[in-house]
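User: Hi! I would like a close look at one small part of this protein, explained for someone in the first year.

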Amino acid sequence: MPGYLIWLNARLYEMKRLLKDTGSIYVHVDWHAAHYVKVELDKIFGSDNFGNEIVWSYRTGGISKQWFPRKHDNLFLYFRNEESHFFKPLRGGEFRTLGMNYDEHGKPYKSTKKGRLYFNEEGPSITDVWEIPFLSTVSDERIGYPTQKPEALREKVIEASSRDGDVVADFFSGGGTTPAVAQRLNRRWIACDQSRIAVAVTADRIARVVENKIGKLFPVPDFTVEHWGIYESPKMEKLSERDFREFVVTAFGGKPESISRNIHGMRHGVPLYVGEPSRGTRITKEDVAKFAQAIFKERHTNFGAMLAWNFAPDARKAAEILAARENKRIDFVRLNLVRLEDDAYREHVVTKQKDYGELISFIQPPEVRITSERIGKLKYRFDVSESVSLNKDGVIANVQWDFDYLGRFSSTEGYAFLRDKKRGRPVLIVEYEFPSPGKKKIACSVQDDHGGERTQVMKVEVR
Ligand SMILES: C[S@@+](CC[C@H](N)C(=O)[O-])C[C@H]1O[C@@H](n2cnc3c(N)ncnc32)[C@H](O)[C@@H]1O
């Protein structure tokens, strides 16, 4: 428990930092940790900012003979600022008061000696005890992600504590219930999860929410997926010149400079020059001359370093001449991309920065191999069991299918999170009946348990 609380504490502090003055936080826990977590929340947010301990009461199978069945979770509500927080009281459900009647318009009232006493038509105020059924195994809402929560639960949270257009964040978003509901209720949202499967399932779910609203012809839900801590080398070339230079200078241990056109950073008093992001470019003798002039004029020094992917032969020659004739020393540092998945690189980084071990994933996308077989009229069997994870000890953890691929992956209903019933393992062979014959584009997205993911598109002539 102490380790867990330290882990949680660090994250709660960050969440508090991100929260607006009008914002609220709901922390969903169960009896294992609820009492400890509330104390932490008191410390972090201040006990004055406590709003509610909401009890989510549900009924699931399994009862103990030794104690009352444990059938509730707790949601702790805290405000960033108790004086300025936003809160909209909610109403709904049935009045449970004895003697409640309904008039000819369906309005609730009670008969008293003085006549009818009317009650609010929208139902009673929702209190801090929420009776919401647990998602049943056959629920339409169910996507199969373990720990998935009912949408009705997240709906109350979002409706009570945010307005249209506000930002709702779930930093442990699992199957994506919070962002899906937020999207439906016209809120903006941020969803994070350490599991690549959770991210894939969430992205897919949001695409479906948007499709249901505006149709599959416009599959453009306005969100991006970022895999932080997982870096793809080709993306570096796409950085802007300024971002690339800043990145290289910082990685080299220097401080970026933006004032001078020809000096891009300083390291221990030595001016630095960084070439262009594209790996096809190289430093020329003109670049060397410009840099040599700049360091002399602007920094009154004869020593500088140039960092770039490549150096043209005439650039080297120019540096030699400068050294010989003018006593100016320009060092060349060649940038090199080392494969992140390389064990040697991982060791290099982790020995320098122990904490990075947990932060950086050195992953490769899986090798996806699909075969298809016609098994009947419009009916096909697809098999990805020959696919392999390319990460050490990695195994394929999930497969999603889009049988009507339109350029943006959005899984066909029922094909986002398939598990075999006996062992709960991912299903690698699926069958699908197409609604019509003709040329079809299908896509298959395969994720491994290390966070590797690859989407493969294939064409099928359906008959
Ligand atoms: C209980 S589920 C989340 C349920 C979700 N909030 C909902 O409303 O349906 C917890 C999630 O936290 C994720 N998780 C666990 N440790 C994490 C970490 N350190 N950073 C990000 N996500 C993490 C797990 O992958 C899992 O999907």
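Is arginine 196 buried or exposed, and why does it count that way? Please also show me what lies around it and what else the model holds.

Analyst: Happy to help! Keep in mind that this is a predicted model. Arginine 196 counts as buried because it has 21 C-beta neighbours inside 10 Å, and the cut-off for that label is 20 or more.

Let's place the residue. Arginine 196 belongs to helix 5, which covers residues 196-214. If we leave aside its neighbours within four places in sequence, arginine 196 is in contact with Gln447, Gly451 and Glu453. A contrast is arginine 299: its C-alpha atom is separated from that of arginine 196 by 48 Å, with the two positions 103 residues apart along the chain.

Now follow those contacts. Gln447, one of the contacts of arginine 196, stands in strand 19, opposite asparagine 398. Strand 19 (residues 438-448) pairs with strand 17 in the antiparallel sense, over 6 bridges. These belong to an open sheet of 3 strands, in the order 17-19-20, with antiparallel pairing. Strand 17 (396-402) and strand 20 (453-462) are the edge strands, each pairing on one side only. From one strand to the next, the twist averages 20°. As background, strands of a sheet pair through backbone hydrogen bonds, either parallel or antiparallel.

For the parallel kind, look at strand 8 (residues 167-170). Strand 8 runs parallel to strand 9 (residues 188-191), and 4 bridges join them. One pair of bridge partners is valine 168 and, in strand 9, tryptophan 189. Together with helix 4 (residues 177-184), the two strands make a right-handed β-α-β unit. In a regular strand, side chains alternate between the two faces of the sheet. Strand 8 has Val168 and Asp170 on its covered face, while Val167 and Ala169 are on the uncovered one.

Strand 8 and helix 4 are also among the elements that cover the buried residues of helix 3, as are strand 1 (24-29), strand 2 (50-57) and strand 7 (129-131). Those buried residues in helix 3 (residues 151-161) are Leu153, Arg154, Lys156, Val157, Ile158 and Ser161.

Finally, there is the ligand. It has 16 residues around it, of which Thr147, Lys149, Phe172, Gly174 and Gln194 come nearest. The shell divides into 3 nonpolar, 9 polar and 4 charged residues.

Note on methods: Residues numbered from 1 in each chain as written. Predicted model: local features only at pLDDT ≥ 70, side-chain atom pairs only at ≥ 80, totals over all residues. Near = placed C-beta within 6 Å. Nonpolar A, V, L, I, M, F, W, Y, C, P; charged D, E, K, R; others polar. Buried ≥ 20, exposed ≤ 12 C-beta atoms within 10 Å, placed from the backbone. Pairing = 2+ DSSP bridges. Right-handed = clockwise from strand over helix to strand, strands pointing away. Contact = placed C-beta atoms within 7 Å. Axes fitted to C-alpha atoms, helices over the stretch in contact; angles between N-to-C directions.
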